[in-house]
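User: I am new to this structure and would like a close look at one part of it. Please start from a single side chain and work outwards in one connected answer.

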Amino acid sequence: MLFQSPGPIFFKFGFITIRWYGLMIASGFLLALTAARKMAVKTGLDSEKFVSLALWAFLCGVLGARLYYVSLNLSHFIGSPGEILATWNGGLSIHGGIIGGAGAGYIYLKRQKLAAMKYLDLLACVTPLAQAVGRWGNFFNSEAFGLPVADTFPLRLFIPPESRPMMYHNAKFFHPTFLYESIYDLLIFVFLYFFAYRRLCKYPGLVVFVYISLYSLGRIVIEQIRIDSVAYYHGMPVPLLVSAGMLGASLCAMMSIYKRGVLAEVEGVTAASSLPENKSQPGPTDANAGVAVQAEPETKNP
């Protein structure tokens, strides 16, 4: 199957330009929000508060994603500062988005005095759906592709010459890694939303770190064949190193949260079983047993 972008622009009229990249990100956000609101109603969370949370997390997530990307390309943006705001050309890092969105969401929930980790669990549950749709923005921008493939490869992405790396300028077709990650993100969403969330949400925070672990694991695998990493450290792509670090940290957090949750359950069962049984005591045997009788004052003859 051959994939070829029709171009980055979806609609243009005069000075109004709508690009596929922004459209895909917005569509992913709205789909994820719709799914989250349905789950919020089922699990007893305030769906309106969640909408406010999602908006804050989305806006700060986009900001964090851009700042993270810019920080890894400072040499380029110092020479072209006007491009810092040109997010429609791509350049949003998922890792920066996770950090920015989660941080802003946590602050918002604390200020609202809500159960932060319960709401963040639901946010993490639907985030992969937003990512799965948003990755198609990379397709329209002819970015986020992998190593060259043969003309007969089952899944191949045509990249126009102006978007190819110099070392692969003569290659036509590349791994559609945007598609690989989109499918993987969708599978994470299905697993968390339909199977794991209701079972794990009794351990607040666990779903957040399950999501981070699963995404990081997939990113580590996919990053092996991507050739457009924004930065390298000692010859290793920075996204791969960050994903490995996030995977390790999230696995430790998962074990800690689960252990505390199980321990709390055991202590709760033990405490309940140690309470004295409420047995009925035998009452008086006379006919007036169990009836409170108020003594009449003694009357004396004058």
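Analyst:
## A ring and its surroundings

Tyr258 has a relative accessibility of 45%, so it counts as partly exposed: the value falls between the 20% below which a residue is buried and the 50% above which it is exposed. The model is a predicted one, and Tyr258 is best read alongside the other aromatic rings in it.

Searching the whole structure gives 17 aromatic pairs. One of them joins Phe3 and Phe139, with 6.4 Å from centre to centre and 80° between the planes, an edge-to-face arrangement. Phe3 belongs to strand β1 (residues 2–4) and Phe139 to helix α6 (residues 136–140), so this pair ties together parts that lie 136 residues apart in sequence. Phe3 and Phe139 are both buried.

Tyr258 itself pairs with Tyr203, again edge-to-face, at 5.3 Å centre to centre with 70° between the planes. This pair also links distant parts of the chain, 55 residues apart: Tyr258 sits in helix α9 (residues 238–273), and Tyr203 in the loop between α7 (177–200) and α8 (206–222). The two partners are not alike in their surroundings. Tyr203 has 6% relative accessibility and therefore counts as buried, whereas Tyr258, at 45%, is partly exposed.

Phe3 and Phe139 take part in a wider group of rings. Ring pairs connect them with Phe10, Trp20, Trp136, Phe140 and Phe178 into a cluster.

Helix α7 also holds a charged residue, Glu181. What is its exposure, buried or exposed? Glu181 has a relative accessibility of 2%, so it counts as buried. Leaving aside residues up to four places away in sequence, Glu181 touches Ile94, Gln131, Arg135, Tyr215, Arg219, Ile222 and Arg226.

The packing of helices is the next thing to look at. Two packed helices are described by the angle between their axes and the distance between the axes. Helix α1 (residues 20–43) and helix α2 (residues 47–71) have axes that come within 10 Å and cross at roughly 155°. Angles over 145 degrees count as roughly antiparallel, which makes α1 roughly antiparallel to α2. Their crossing is right-handed. On the α1 side the contact is made by Ile25, Phe29, Leu33, Ala36, Arg37, Ala40 and Val41, and on the α2 side by Ser47, Glu48, Phe50, Val51, Ala54, Leu55 and Phe58. Sorted by class, the contact of α1 with α2 consists of eleven nonpolar residues, one polar and two charged.

Helix α2 has a second partner to consider. It packs with helix α5 (residues 116–134) at an angle of about 65°, and the axes are 11 Å apart. This crossing of α2 and α5 is right-handed too. Lys49, Phe50, Leu53 and Ala57 of α2 make the contact together with Tyr119, Leu122 and Leu123 of α5. By class, the contact of α2 with α5 divides into six nonpolar residues, no polar ones and one charged. Phe50 of α2 appears in the contact with α1 and in the contact with α5.

Finally, the whole chain gives these parts a setting. It has nine helices and seven strands. Of its 302 residues, 42% count as buried, Phe3 and Phe139 among them. Counting contacts between residues at least 6 apart in sequence, 71% join residues at least 24 apart.

Key:
Residues numbered from 1 in each chain as written. Heavy atoms only, no water. Axes fitted to C-alpha atoms, helices over the stretch in contact; angles between N-to-C directions. Helix = DSSP H or I, 4+ residues; strand = E, 2+ residues; numbered from the N terminus. Parallel < 35°, antiparallel > 145°, perpendicular 65-115°, else oblique. Left-handed = near helix turned anticlockwise from the far one by under 90°. Contact = heavy atoms within 4.5 Å. Phe/Tyr/Trp six-rings, centres within 6.5 Å; stacked < 30°, edge-to-face > 60°. Buried < 20%, exposed > 50% of the residue type's maximum accessible area, 1.4 Å probe, protein only.
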